[in-house]
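User: Please take a close look at one internal cavity of this model, and then at one helix pair.

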Amino acid sequence: MMRRTTLFCVVASIAFTLQSSTFAEENWPYWRGPDFTNASAEKNLPAEWDPKGGEGSNVIWAEPYPTRSTPTLMNDKLYILTTAHPEEESKMGEKVVCIDSKTGKQLWEYSFNVYLSDVPAERVGWSSVTCDPASGNVYALGVCGYFCCLNGETGEVIWDRSLHEEFGLLSTYGGRTNFPLVYEDNVIISAVVIGWGEQAKPAHRFICFDKNNGVPIWFEGTRLLPDDTTYSAPVLAVIEGELQMIFASGDGGVYGFQPRTGKQLWSYMVSGRGINTSPLVVGNKVYCGHSEENLDTTQMGAVFCIDATKRGDITKTGEVWRKTGFLVGRSSPVMIDGRLYCADDRAKLHCFNPETGETIGQPVRLGTMMRSNLLVADGKIYAHTANGRGYILKATEDGAEILYKFRFQKGEESHGTPIVSKGRIFIPTTGNLYCVGLNDAKVEIGELPPMAKETDPANDDKPATVVLAPVESLLLPGDRQPMQVRLYNSKGQFIRLANQEEVEFELTGPGMMDKEGAYNIPKDQETAAATLMVAKVGEISGNARIRVIPQLPWSIDFDNGVIPVTWVGARYRHIPLDFDLLMKLKKDDQLASDLYIYFMTQFKNVGPKGVFDDSTPRQTWTALLSFTGLADGANRPKNIEDAKKIFGAALQKLTDEKILSSVEWSEWERPSAVEGETVKEPRLTVTQGERKIDGNGVMCKITTIPKGARSQGWMGHPDFHDYTIEADVYAFERNGKLPDIGLVGQRYTLDLMGASNQLQLRTWTPQMNRFSANVSFVWEANKWYTMKFQTEAQDGKAILKAKVWVKGEEEPAEWTITATDEIGNVIGSPGLFGNAKDSEIFYDNLKVTKNK
């Protein structure tokens, strides 16, 4: 719906105060609750209920809204994410549903397609809708990266963005999807993002949008190359007068950011894998848990406490306590009467002293699997397990005791968390949404602990941070993009907009700034280009990035040795190669050919020097051996003499071809199995040579990045439609296996599948019954083919046509495969798909043209 936005709203300049009023209790706008603690001050709530209903069950209503989502509530309306048309797979998608909280009747729904995603149907609706009582709007992130702002009363789309096409959001089979966070005029969302330019390598990144129009304000991330996606929801808290956004990351850390600027305040690294629990903040302390590997012990899992007043890397300085061996990786901690409660992954409820981390009493067994969060209300703990059991517990000085237990109806699971409003508890399951309460109970709301307040921004009006917005723009030639230069103080509070007279703009790339502070790109800009904009105000500055992608047609042959910097999700996983040189090396020496690919990956993604040894956990020497088939068995070099003998001729060929300028062998020592002795291991250091592509340039999708071997990328505007994408493609064969080679058009994939020898059209990979078409197509390795894929939008349908033929032969008159999607994707960026897990893929002579 929206691609280029030139309007801004007035920036909020008042200090932020977390809500703890009756107004907040009447609404439950965020899935972690009004004050981000999963606690409610409501009283007179039921101590028992029967999901089957009937007399005395305390079920006010139960309606079949199956969801794994936690509901949210605003103005007596519930909002959930769930599967659209689960009963009819050809129409299946995702939807936001609005429900009357008093009656359980649906008021409206907004459905959208799931596209270009590996998420299976049973994991749709993983995120939760976030409500904004100030505007009345709601925000939802779909599992495929579709992000929308809807009118909370009507469901009308106010703005939307396709986050994977525009920014590189990663949508995986695991389905983990994060939660929008709204405050002031901002809405923040995160994911593992594999973008463009300096963001081409994956990282867990946060994007802050203007909540009113979807303009991106800031875009920041954590460490590169995280192991996991994550669904830890960020929370807001005021620490010593400073507002922080605190979250757990896919890189195994917990972080504190300034939410208005994206400035990182501190980081605490605890695991090598992603953390999925959400932090709990009480005072200046942050409590969290995980169920993965610890960095300093072989024990799995931990519950830990961090001092959020510290700054920088506080892994050592900010840890108050940590208790390993507790697998608290799904359900987030809660605090009751000065005691910390955590449900572990196996559904045992533990109680801790929050000051020391010492356990209190004995754990209470609740079931066998826990995914939903605990709800604290009316002196009770409401706990629901993934295997369909429910418990109502009472917190005690020595832990907790079960007051009541029950089973949900047959087949129902609990993944979402119960919420409270006006004397009613709303409980989501995979079968029903329940409303539970005491019919004759008087609604009574007590007091939650008072929340800290920010320091008055009037006491600090010195600019410390510049935010240049929009931080990301995707434009057409001839576009004009107004820019705002926002100034914030040291605590991340907005001060004012900078005056044009005090701003100095610098551009790296095409375009110019006009006297009103707007970026202009000429109409005659013919090729895709990127511009880095820097706005300096005194001694501080802020950056923004701009992509200019022209209208069709495009034609790219890679002979210049460059993959367009503007392509999203492409550069890190693809490298340019000289195909003529590659074939020459392959004919003369297979090892030299493999090393050419491997070293060029190193030079493009890391730097002009590569060091390969096993002295670090990355084990770059073993990785090199694995790629060349020398890691195991008798072929593995046992020492430096073996290594030189095996690699010597191939390295000399690359040196002769000036791919390498130098090769250096050395040794490093590792401890031996015999105490006090060491073993010498080889170390190879290579430096890039001066050789450029002087033959046929191609783009190679590499197998050297295992987690990126199966991926997709995008090249254009997400609102493009009715176009044809064409490319020449080629594949190696390794161990008798062929890869998959694909083109992406209008949110559909055309896949030339190696293992099954077929040509396939699809939009949602795990749900072939949603839409797909297959034909048998036998093809061979080491032979160029031409793929051509045409997409067309027509009356809400998508008409798809494709053909494949041997390059150089006459193009077939007939399409190889055709299909029509009745609930079509009518827009979408052109792109590429490939699965190079088994062998490399090559692209050449890429063309994208408007349909005639």
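Analyst:

**The second largest cavity and a helix pair**

Strand E13 (residues 186-193) gives the largest share of the lining of the second largest cavity, namely 3 residues. The model is a predicted one. Cavities of 30 Å³ or more number 7 in this structure, and the second largest has a volume of about 120 Å³. Its lining is made up of 18 residues. Leu170, Arg176, Thr177, Asn178 and Ala191 are the lining residues that lie nearest the centre of this cavity. Sorted by class, the lining of the second largest cavity comprises 10 polar, 7 nonpolar and 1 charged residues.

The second part of the request concerns the packing of two helices. Two packed helices are described by the angle between their axes together with the distance between those axes. Helix H4 spans residues 590-605 and helix H5 spans residues 620-627; their axes come within 10 Å and cross at roughly 135°. H4 is therefore oblique to H5. The crossing of H4 and H5 has a right-handed sense. On the H4 side, the contact involves Asp594, Leu595, Ile597 and Tyr598. These meet Thr620, Ala623, Leu624 and Phe627 of H5. Taken by class, the residues of the contact of H4 with H5 are 6 nonpolar, 1 polar and 1 charged.

Definitions and conventions
Residues are numbered from 1 along each chain as its sequence is written. This is a predicted model: local features need pLDDT of at least 70, side-chain atom pairs count only at pLDDT 80 or more; totals for chains, interfaces and linings use all residues. Side-chain values use heavy atoms; hydrogens and water are left out. On a 1 Å grid over the protein atoms alone, a cavity is a set of points where a 1.4 Å probe fits but cannot get out, and a pocket is an open set with protein on both sides within 12 Å along at least five of seven lines; lining residues have an atom within 4 Å of a point. Grid points are joined across faces, edges and corners, and a volume is the space filled by probe spheres set on the points. Helices (H or I, at least four residues) and strands (E, at least two) are DSSP runs, numbered from the N terminus. Ala, Val, Leu, Ile, Met, Phe, Trp, Tyr, Cys and Pro count as nonpolar, Asp, Glu, Lys and Arg as charged, and the others, Gly among them, as polar. Axes are lines fitted to C-alpha atoms, for helices over the stretch in contact, and angles run from 0 to 180 degrees between N-to-C directions. Angles under 35 degrees count as roughly parallel, over 145 as roughly antiparallel, 65 to 115 as roughly perpendicular and the rest as oblique. A crossing is left-handed if the near helix is turned anticlockwise from the far one by less than a right angle, and right-handed if clockwise. Contact means heavy atoms within 4.5 Å.
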